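Student: I'd like to go through the labels on this model and check each one against its rule. Let's take them one at a time.

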Amino acid sequence: MAYKYVRIAGNRRQTGVALGKLARPLMSTYLEQSLTWDALRPWRGHAFLDELAQQAQQALPGVWEELEGLAEGLRMPIEDVLLWNCRGDLLHSTTDGCTSVALKAADGTRWIAHNEDGDAYLHGRCHLVDVALDDAPGYVSFYYPGSLPGHTFGANRAGLVQTINNLRIRQRHPGVPRMLMARAVLDCATLDEAIARLRELPHSGGFHHTLGAAGDPRLLSAEVAPGEVSIQEIGRRYGHANHMVHADMGGVAQIITDSSRARQNRIEGIVDGWSGGAGSADLLAALHDTEGELPILRTSPDDPDDENTLATAVFEIGESEVTLRVYDRKAKAEIALDVMSDAE
């Protein structure tokens, strides 16, 4: 199995502590081999990091409490855990990739699917966490060691689904760190609440959010950057890689890697060819596509962005249920969850 499934319950600090304890045996070795951590260390003690901390504490006190618990569980200074969770706000490029795809069926069923691409070292070393919170819906999310859940793929008990794609923004701006923002979205009960959160809070970094919810016919594509938020309703089918493609975000400076460009072109070509009978098998096949030198499914040890596909998620969204299936690279379902009923 490419990850371990773990249930966690408690208040904000308690769940953060539990997440930290999960990652503690691996964390020092993980950071030692990470080029991203090497690039981050010069930011220790920087005034800009202090500003990000202040913005986060003010805007998202509950999520900040989880971060403090995470640091406690990891037995790391809160300053270093914050630094790690602000990597995409401080660095123009990190090893967090991903491809997302979405589809609406004629019968009203909606799907969101996602390749979680990250540091190849993490393959087989991550978790799928099922978190029950005292003051929020609770959620299921893929969990990178030492990173707050939410910036990968996840869904909450209210039926809100979110997948995240890294955007490589060329500017830094004081605001709420993007990974804390993504975690906060999983506390929202509806799509409208999630949209309001993305529009109203100041952003430090950039992410692409694919959003859906049980009982809501909409699927949404949200590109978020400092000072700019673009939210578009998805028609019947959609694909997104790791750079902004919304027309009204054209003025935001970004880095487009060769891999992201190739995957965006390929996923658009695949979804454009889907017939009216397309379904979950087509989404999985798209995300496990290996055509080209820089394919959607990323397994090469020489990947130019230093990323490999760690897991593939397919969410089926109905009127009153969300089903999550997670697959390994061989397209074998490893786990299936009815997210809203808390039943494996």
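## Labels and their cut-offs

Student: What makes the pair Arg 298 and Asp 117 a salt bridge?

Tutor: The closest N and O atoms of Arg 298 and Asp 117 are 3.4 Å apart. The rule asks for a side-chain nitrogen of Lys or Arg within 4 Å of a carboxyl oxygen of Asp or Glu, so the label fits. The pair also links distant parts of the chain: Arg 298 sits in the loop between α10 and β12, Asp 117 in strand β3, and they are 181 residues apart. Those element names are DSSP runs numbered from the N terminus (helices are H or I of at least four residues, strands E of at least two).

Student: What should I keep in mind about the model itself?

Tutor: This is a predicted model, where local features need pLDDT of at least 70 and side-chain atom pairs count only at pLDDT 80 or more, while totals for chains, interfaces and linings use all residues. Residues are numbered from 1 along each chain as its sequence is written, and side-chain values use heavy atoms, with hydrogens and water left out.

Student: Which residues share a salt-bridge network with Arg 298?

Tutor: Asp 117, Arg 168, Arg 298, Asp 303, Asp 305 and Glu 307 are linked in a network. The structure holds 25 salt bridges.

Student: Why is Asp 305 called buried or exposed?

Tutor: Buried means under 20% relative accessible area, exposed over 50%, and partly exposed is in between (1.4 Å probe, protein chains only). Asp 305 has 12%, so it is buried. This residue lies in the loop between α10 and β12. Leaving aside neighbours within four places in sequence, Asp 305 is in contact (heavy atoms within 4.5 Å) with Thr 95, Arg 168, Thr 257, Ser 259, Arg 263 and Arg 298.

Student: How do you know that Glu 291 and Arg 266 form a salt bridge?

Tutor: Their closest N and O atoms are 3.2 Å apart, which passes the cut-off already given. Glu 291 is in the loop between α10 and β12, Arg 266 is in helix α9, and 25 residues separate them. Arg 266 has 25% relative accessibility, so the label there is partly exposed.

Student: What about Arg 87 and Asp 96?

Tutor: Their side chains meet at 3.3 Å, N to O, in a salt bridge. Arg 87 has a relative accessible area of 2% and Asp 96 one of 8%, so each counts as buried.

Student: What makes the space lined by Arg 87 and Asp 96 a cavity?

Tutor: On a 1 Å grid over the protein atoms alone, a cavity is a set of points where a 1.4 Å probe fits but cannot get out; a pocket is an open set with protein on both sides within 12 Å along at least five of seven lines, and lining residues have an atom within 4 Å of a point. Arg 87 and Asp 96 are among the residues that line the largest cavity, which also include Tyr 30, Trp 84 and Tyr 144. About 50 Å³ of space lies in it; volume is the space filled by probe spheres set on the points, with grid points joined across faces, edges and corners. The count comes to 2 cavities of 30 Å³ or more.

Student: And what is the volume of the largest pocket?

Tutor: The largest pocket has about 300 Å³. Of its 20 lining residues, the closest to the centre are Leu 35, Thr 36, Thr 95, Asp 305 and Asp 306. Helix α2 gives the largest share of the lining, 3 residues.

Student: How do you know that the buried residues of α10 line one face?

Tutor: In α10 (residues 280–287), Leu 283, Leu 284, Ala 286 and Leu 287 are buried. Seen down the axis, they fall within an arc of 160 degrees, so they line one face of the helix. The arc is that of the directions from the helix axis to the C-beta atoms. These residues pack against β2, β3, α9, β12 and β13.

Student: What makes the phi of Cys 98 worth a remark?

Tutor: It is near 105 degrees, a positive value in a residue other than glycine. Cys 98 is in the loop between α6 and β2, and at 2% relative accessible area it is buried. Ala 331 also has a positive phi, about 65 degrees, without being a glycine. Ala 331 has 36% relative accessibility, so it counts as partly exposed.
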